[in-house]
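Here is a short tour of the model in front of you. Keep the structure open and follow along, residue by residue.

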Amino acid sequence: MSVSTLSASNQNYLKAIWSLGEWSDEPVTTSAVAARVGVRMSTASDAVRKLGELGLLQHTPYGSMTLTDEGRSHAVAMVRRHRLIETFLVEVLDYRWDQVHDEADHLEHAVSDFLVERIAEHLGHPDRDPHGDPIPAADGTVTQLDAVSLTDLGTGRKARVERISDGDPGLLQFFAEHGIGVGTVLEATPGAPYSGAIDVVVEGSTRALTLGRAATDSVWVTP
């Protein structure tokens, strides 16, 4: 069954549930889903219950939830659509990387499976989107990056940026203005004492850029 047979709302919830567990080991709860989708707890609870009735997820009351095989298949299909559309907008239509997330959120519900595969073919079947997130393959395979957050890297080490969260367009603009993107090599050094910040120096530059926790949590690197 194609993910196109599901309502846009169900598509959104499945994608949100899968995405919450992609870069975090924290249990996926109804409150987390509500925050990700941007609805009230009662609305999210009702949606989760309906997804359970459709056999797309398993959920214990007041506990965490997991997608069934069918639910995961649909969720990954939506993630594939989203990330391919983002890549198409950047590479073909010259969007900036901070402009594509919301646009893809709207378009992903309107495209057909056929169009998604034509986009993938046109782009040469890319495996990463503009933010470094893996693009699931047509068969649902997802190649996870062996990366750590910049927060957990530790100081005094050089690393390559592999992925930057696309949740905050303003932060993406900030990084772009300072020459930080996917593939950038940088070195982390200690920030001011008790500040919770670190300084990074982009390869080829001598200027240090101070980043707070919100920024370093959004950047994933490989040493």
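Glu187 is partly exposed in this predicted model, with a relative accessible area of 30%. That value falls in the middle class because buried means under 20% and exposed means over 50%. You will find Glu187 in strand S5, which runs over residues 185-190. Leaving out residues up to four places away in sequence, Glu187 touches Gly156, Arg157 and Lys158, and also Asp199, Val200 and Val201. His125 sits elsewhere: its C-alpha atom is separated from that of Glu187 by 32 Å, with the two positions 62 residues apart along the chain.

His125 is worth a stop too. This residue belongs to the loop between helix H6 (113-123) and strand S3 (148-149). Its phi is near 55°, a positive value in a residue other than glycine. Asp94 shows a positive phi as well, of about 60°, although Asp94 is not a glycine. Asp94 is placed in the loop between H4 and helix H5 (100-107). Are these loop residues buried or exposed? Asp94 counts as exposed at 64% relative accessibility, and His125 counts as exposed at 53%.

Now to helix H4, where two arginines make a good pair to look up. Arg80 lies in helix H4, and Arg72 lies in helix H4 too. Arg80 is buried, with a relative accessible area of 8%, whereas Arg72 is partly exposed at 34%. Which residues does Arg80 touch, not counting those up to four places away in sequence? They are Val116, Glu117, Ala120, Ile135, Pro136, Ala137 and Ala138. Arg72, with its neighbours within four places left aside, is in contact with Trp18, Leu67, Gly140 and Val142. From Arg72 to Gly124 the C-alpha atoms are 25 Å apart in space, and the two residues are 52 apart in sequence.

The table gathers the accessibility values for easy lookup.

| Residue | Relative accessible area | Class |
|---|---|---|
| Arg80 | 8% | buried |
| Trp220 | 15% | buried |
| Trp23 | 16% | buried |
| Glu187 | 30% | partly exposed |
| Arg72 | 34% | partly exposed |
| His125 | 53% | exposed |
| Asp94 | 64% | exposed |

Helix H4 also has a helix partner. At what angle do helix H1 (residues 8-20) and helix H4 (residues 69-91) pack? The angle is about 90°, and the two axes are 8 Å apart. H1 is therefore roughly perpendicular to H4, since angles of 65 to 115 degrees fall in that class. On the H1 side, the contact is made by Gln11, Leu14, Lys15, Trp18 and Ser19. On the H4 side, the residues include Arg72, His74, Val76, Met78, Val79 and Arg81. By class, this contact has 6 nonpolar, 5 polar and 4 charged residues.

A second helix pair can be found at H2 and helix H3 (residues 41-53), whose axes come within 9 Å and cross at roughly 110°. That makes H2 roughly perpendicular to H3. Here Thr30, Ser31 and Ala34 of H2 meet Met41, Ala44 and Ser45 of H3. The residues of this contact divide into 3 nonpolar, 3 polar and no charged.

The UniProt record, an unreviewed entry, annotates residues 6-68 as "domain: HTH dtxR-type". In the model this span is 54% helix and 10% strand, and its end C-alpha atoms lie 15 Å apart.

Finally, turn to the aromatic rings. Counting ring centres that lie within 6.5 Å as a pair, the model has 2 aromatic pairs. In one of them, Trp23 and Trp220 are 4.8 Å apart centre to centre with 50° between the planes, a tilted arrangement. Where does each partner sit? Trp23 is in the loop between H1 and helix H2 (30-37), and Trp220 is in strand S8 (residues 219-222). The pair links distant parts of the chain, 197 residues apart. Trp23 is buried, with a relative accessible area of 16%, and Trp220 is buried too, at 15%.

Methods
Residues are numbered from 1 along each chain as its sequence is written. This is a predicted model: local features need pLDDT of at least 70, side-chain atom pairs count only at pLDDT 80 or more; totals for chains, interfaces and linings use all residues. Side-chain values use heavy atoms; hydrogens and water are left out. UniProt positions are given in the numbering used here, feature names are shortened, and annotations may be inferred rather than shown by experiment. Helices (H or I, at least four residues) and strands (E, at least two) are DSSP runs, numbered from the N terminus. Axes are lines fitted to C-alpha atoms, for helices over the stretch in contact, and angles run from 0 to 180 degrees between N-to-C directions. Angles under 35 degrees count as roughly parallel, over 145 as roughly antiparallel, 65 to 115 as roughly perpendicular and the rest as oblique. Contact means heavy atoms within 4.5 Å. Ala, Val, Leu, Ile, Met, Phe, Trp, Tyr, Cys and Pro count as nonpolar, Asp, Glu, Lys and Arg as charged, and the others, Gly among them, as polar. Rings of Phe, Tyr and Trp (its six-membered ring) pair if their centres lie within 6.5 Å; planes under 30 degrees apart count as stacked, over 60 as edge-to-face and the rest as tilted. Buried means under 20% relative accessible area, exposed over 50%, partly exposed in between (1.4 Å probe, protein chains only).
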